[in-house]
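Trainee: I would like to go through this model by question and answer. Please show it, and I will start with the cysteines.

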Amino acid sequence: MARAIRLSLDNVLSGKGGPFGAVIVKDGSIVAEGVNRVTSHNDPTAHAEVVAIRDACAKLGTFTLNDCEIYTSCEPCPMCLGAIYWAHVARVYFGNVATDASQIGFDDSFIYREFAQPRSARRIPMIQMMHEEALAAFQAWREKPNKIAY
């Protein structure tokens, strides 16, 4: 955790990004690190946890981190939490909580409220179209004998 916190502070002091750092650990050793790179990479998905997950998966040659833990300087946002679940990370340790982040301008509470809304009432319109045509890829996946399940 100390390393994740140090990364978050160094990221602010260097001027390269926001105050977030993350470390992926496997068997007691650091596998990957990440810091917030949203503004420096012009990538809204470049949160510290996502950067660390991408790096860990590349280094380990896998898309699952079920034998890894993540240490992050702040409680994960909804996107990062989703990535953590998709990566099957075994455990999450965090420093700051979401309310700490919201007090400095990183407030994700509106996203949780959006999830609770029907699609038609969300701030960003969500309109389903070509459902029958889109199902073709799902049918092909269902019938694919050699698929890699995840």
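Trainee: Which cysteine holds the sulfur closest to that of cysteine 80?

Mentor: A disulfide is a pair of cysteine sulfur atoms within 2.5 Å. The closest sulfur to that of cysteine 80 is 3.7 Å away, too far for a bond. That sulfur belongs to cysteine 77.

Trainee: What kind of model is this, and what pLDDT do local features need?

Mentor: Residues are numbered from 1 along each chain as its sequence is written, and side-chain values use heavy atoms, with hydrogens and water left out. The model is predicted: totals for chains, interfaces and linings use all residues, side-chain atom pairs count only at pLDDT 80 or more, and local features need pLDDT of at least 70.

Trainee: How many disulfides does the structure hold, and how far is cysteine 68 from the nearest cysteine sulfur?

Mentor: The structure holds zero disulfides. Cysteine 68 is in none, and its nearest cysteine sulfur is in cysteine 57, at a distance of 8.1 Å.

Trainee: Is cysteine 68 buried or exposed, and what is its relative accessible area?

Mentor: Buried means under 20% relative accessible area, exposed over 50%, and partly exposed in between (1.4 Å probe, protein chains only). Cysteine 80 counts as buried at 1% relative accessibility. Cysteine 68 is buried too, with a relative accessible area of 1%.

Trainee: Which strands stand at the edges of the sheet?

Mentor: Strands here are DSSP runs (E, at least two residues), as helices are (H or I, at least four), numbered from the N terminus; two strands pair if DSSP finds at least two bridges between them. The four strands form an open sheet with mixed pairing, in the order β2-β1-β3-β4. An edge strand here has a single partner, so one of its sides is left without a neighbour in the sheet. The two are β2 (29–35) and β4 (91–96).

Trainee: Which residue stands opposite tyrosine 71?

Mentor: Strand β3, residues 68–74, pairs with β4 in the parallel sense over five bridges. Opposite tyrosine 71, in β4, stands tyrosine 93.

Trainee: What angle does helix α2 make with β2?

Mentor: Axes are lines fitted to C-alpha atoms, for helices over the stretch in contact (heavy atoms within 4.5 Å), and angles run from 0 to 180 degrees between N-to-C directions. Helix α1 (residues 2–14) lies across β1 (21–26), β2 and β3, at about 150 degrees to β1. Helix α2 (residues 48–60) packs on the sheet and touches β1, β2 and β3. The direction of α2 makes with that of β2 an angle of about 140 degrees.

Trainee: Which element supplies the largest share of the largest nonpolar core?

Mentor: A nonpolar core is a set of buried Ala, Val, Leu, Ile, Met, Phe, Trp, Tyr and Cys residues joined through side-chain atoms within 4.5 Å. The largest has 18 residues, and among those with the most contacts inside it are Ile24, Ile53 and Ile70. At least two residues of this core come from each of β1, β2, α2, β3 and α3 (78–87). The largest share, five residues, comes from α2.

Trainee: How many aromatic pairs are there?

Mentor: Rings of Phe, Tyr and Trp (its six-membered ring) pair if their centres lie within 6.5 Å; planes under 30 degrees apart count as stacked, over 60 as edge-to-face and the rest as tilted. By this rule, the number of aromatic pairs is five.

Trainee: Why is the pair of phenylalanine 20 and phenylalanine 106 given its class, and what is that class?

Mentor: Phenylalanine 20 lies in the loop between α1 and β1, and phenylalanine 106 in the loop between α4 (98–102) and α5 (109–116), 86 residues apart. Phenylalanine 20 is buried at 13% relative accessible area, whereas phenylalanine 106 is partly exposed at 34%. The ring centres are 4.9 Å apart and the planes stand at 90 degrees, so the pair is edge-to-face.

Trainee: How is the pair of tyrosine 71 and tyrosine 93 classed?

Mentor: Tyrosine 71 is in β3 and tyrosine 93 in β4, so the pair ties together parts 22 residues apart in sequence. Tyrosine 71 is buried, at 18% relative accessible area, and tyrosine 93 is partly exposed, at 30%. With 4.5 Å centre to centre and 10 degrees between the planes, the pair is stacked.

Trainee: Where is histidine 88 found?

Mentor: Histidine 88 has a positive phi of about 60 degrees although it is not a glycine. At 38% relative accessibility, histidine 88 counts as partly exposed. Histidine 88 is found in the loop between α3 and β4.
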